[in-house]
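Trainee: Could you pick one part of this model and take a close look at it with me? I'd love to hear how you'd reason it through, and then how the rest fits around it.

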Amino acid sequence: MSIDTQAAPPLPQQQGPVRVHRRLPRLAPPGLYLAGIVLGAAVSAATGFAVTSTVVYGVVLGTLLVYVATRTVEGHRKATDRLVTCLVTTAFAVAMIPLVSLVYTVLDNGLDRFDSTFFTNSMFRVVGEGGGAYHAILGTLIITALTTVISVPIGLMTAVYLVEYGTGRLKRAITFFVDVMTGIPSIVAGLFAFALFTLLFGNDVRLGVMGAVALSVLMIPVVVRSCEEVLKLVPNELREASYALGVPKWRTVVKVVLPTAIAGLGTGVTLAVARVVGETAPLLVTVGLITGTNLNPFDGRMATLPVFAYYQLTQPGTATQAFLDRAWTAALVLIILVMALNVVARLISRFLAPKTGR
């Protein structure tokens, strides 16, 4: 039996020289952008120098130069890509300006009192220079720890219910109220705790646990939302494999779902703690301020760093500069605490994540 084969037609040959796509040098776009900024500064100086006009003129002219040069040399698609890159980079730089300015200002004003005295002394019997925030730092740590003890079990179990058990109207209602609680003003949480404890103990009560309850109202919805999203990421195949082995649902949740999501859960809880550690309004209403050290959240007022900084700034005594220095240093310590919590969250996410390799 013979097979009739037909030869493939010859490929058409390239007519004329091969087309080579032109490209700008690697450093040309940044150079053109910087040239636009310099030109914008010149235009701003000619029309009346101002920092805002310099930035606006420089960004517009720099982006325009990059777009025109890329459009001329590399074509429309590459020019559009470079235009979007310039816009995104500019937006990032503008967003970083307030952050960098804030960090610089706090460091510049807060490092003057960032010494051992600030961390070892309280404000007891101090009316001018000297003193420190030892009592406020301990109060912040105690109230934040108590808030975490209250919020994490409630938030985690609520998230488990929404993901593993909840159905129908009850689930939708809980989700709705959690979303509403996420957006309530912090002062409302403080008024709620104040009203609750006033009904139970009278009008003059001020306790550290009141501040913990107020902060829990703010922290619980954050824990619920973050843990809920993490639990949803656990593959259903793991649950189904556990059910196929005859393991009951509660044990599947405890032994399979939660260990798989432990890294994300730890990160979410840590970020929720960072969210409430710097709250001021609820603690102004519920905890108040003292100049001495009180480590019992169930007996009397307690000092906290946010309230300490607020009163140092708004009610300075005769030595005004000493009060302002303490306020800036307290703000610096708060920023360091929040930064440390974010670092802890990243470490938890890195080291507790389930290992997928062999």
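Mentor: Let's settle some words before we start: a residue is buried if its relative accessible area is under 20%, exposed if that area is over 50%, and partly exposed in between. Also keep in mind that this is a predicted model.

The part I'd pick is helix α10, which covers residues 249-260. Start with a quick length check. At 1.5 Å a residue, its 12 residues should span 16 Å, and the end C-alpha atoms turn out to be 15 Å apart, so the two values agree. If that sum looks odd to you, the expected span is 1.5 Å times one less than the number of residues.

Now, which residues of α10 are buried? They are T252, V253, V256 and V257. Look down the axis of α10 and you'll find these buried residues within an arc of 125°, so they line one face of the helix. Then turn to the face that points away from the buried side: there you meet W250 and K255, which are exposed. And what covers the buried residues? The cover includes α5 (134-165), α8 and α9 (236-244).

Two of those covering helices deserve a visit of their own. Take α8, which runs over residues 208-232 and holds G211. This glycine has a relative accessible area of 0%, so G211 counts as buried. Skip the neighbours within four places in sequence, and G211 is in contact with I143, L283, T286 and V287. For a sense of distance, compare L156: it is 55 residues from G211 along the chain, and the two C-alpha atoms are separated by 21 Å.

Over in α5 you'll find T140. At 3% relative accessible area, T140 is buried because that value is under the 20% cut-off. Leaving out its neighbours within four places in sequence, T140 is in contact with V277, A303, T304, L305 and P306.

Next, let's see what the UniProt record adds. Its unreviewed entry places "transmembrane region" features at several stretches, among them 133-162, 207-224 and 256-277. In the model, residues 256-277 are 91% helix and 0% strand, with the end C-alpha atoms 32 Å apart. Another stretch in that record is 85-107; here the model gives 100% helix and 0% strand, and the ends are again 32 Å apart, C-alpha to C-alpha. The unreviewed entry also puts a "domain: ABC transmembrane type-1" at residues 137-345. That span is 78% helix and 0% strand, and its end C-alpha atoms lie 21 Å apart.

Back to α10 for a moment, since it leads us to the rings. K249, one end of the 249-260 helix, lies over the face of Y165, at 4.9 Å from the ring centre. You can find a similar arrangement elsewhere: R326 lies over the face of F323, 4.6 Å from the ring centre.

Rings can pair with each other too, and the structure holds six aromatic pairs. One of them joins F114 and F119: their ring centres are 5.1 Å apart and their planes sit at 85°, so the pair is edge-to-face. Both partners are partly exposed, F114 at 35% and F119 at 32%. Then there's F197 with F201, a stacked pair with 6.0 Å from centre to centre and 25° between the planes. These two are four residues apart in helix α7 (residues 186-201), which means about one helical turn separates them. Their surroundings contrast: F197 is buried at 10%, whereas F201 is exposed at 55%. Ring pairs also link F114, F118, F119 and F308 into a cluster.

One last stop is Y67, which sits in helix α2 (residues 51-73). Its relative accessibility is 22%, so Y67 counts as partly exposed. Setting aside residues up to four places away in sequence, Y67 touches H76, A79, T80 and L83. As for distance, Y67 and F351 are 284 residues apart in sequence and 44 Å apart in space, C-alpha to C-alpha.

So if you take one picture away, let it be α10: its buried residues line one face of the helix, and the face turned away from them carries exposed W250 and K255.

Terms used. Residues numbered from 1 in each chain as written. Predicted model: local features only at pLDDT ≥ 70, side-chain atom pairs only at ≥ 80, totals over all residues. Heavy atoms only, no water. Buried < 20%, exposed > 50% of the residue type's maximum accessible area, 1.4 Å probe, protein only. Contact = heavy atoms within 4.5 Å. UniProt positions renumbered as here; feature names shortened; annotations may be inferred. Phe/Tyr/Trp six-rings, centres within 6.5 Å; stacked < 30°, edge-to-face > 60°. Lys NZ or Arg CZ within 6 Å of the ring centre and 35° of its normal. Arc of directions from axis to C-beta.
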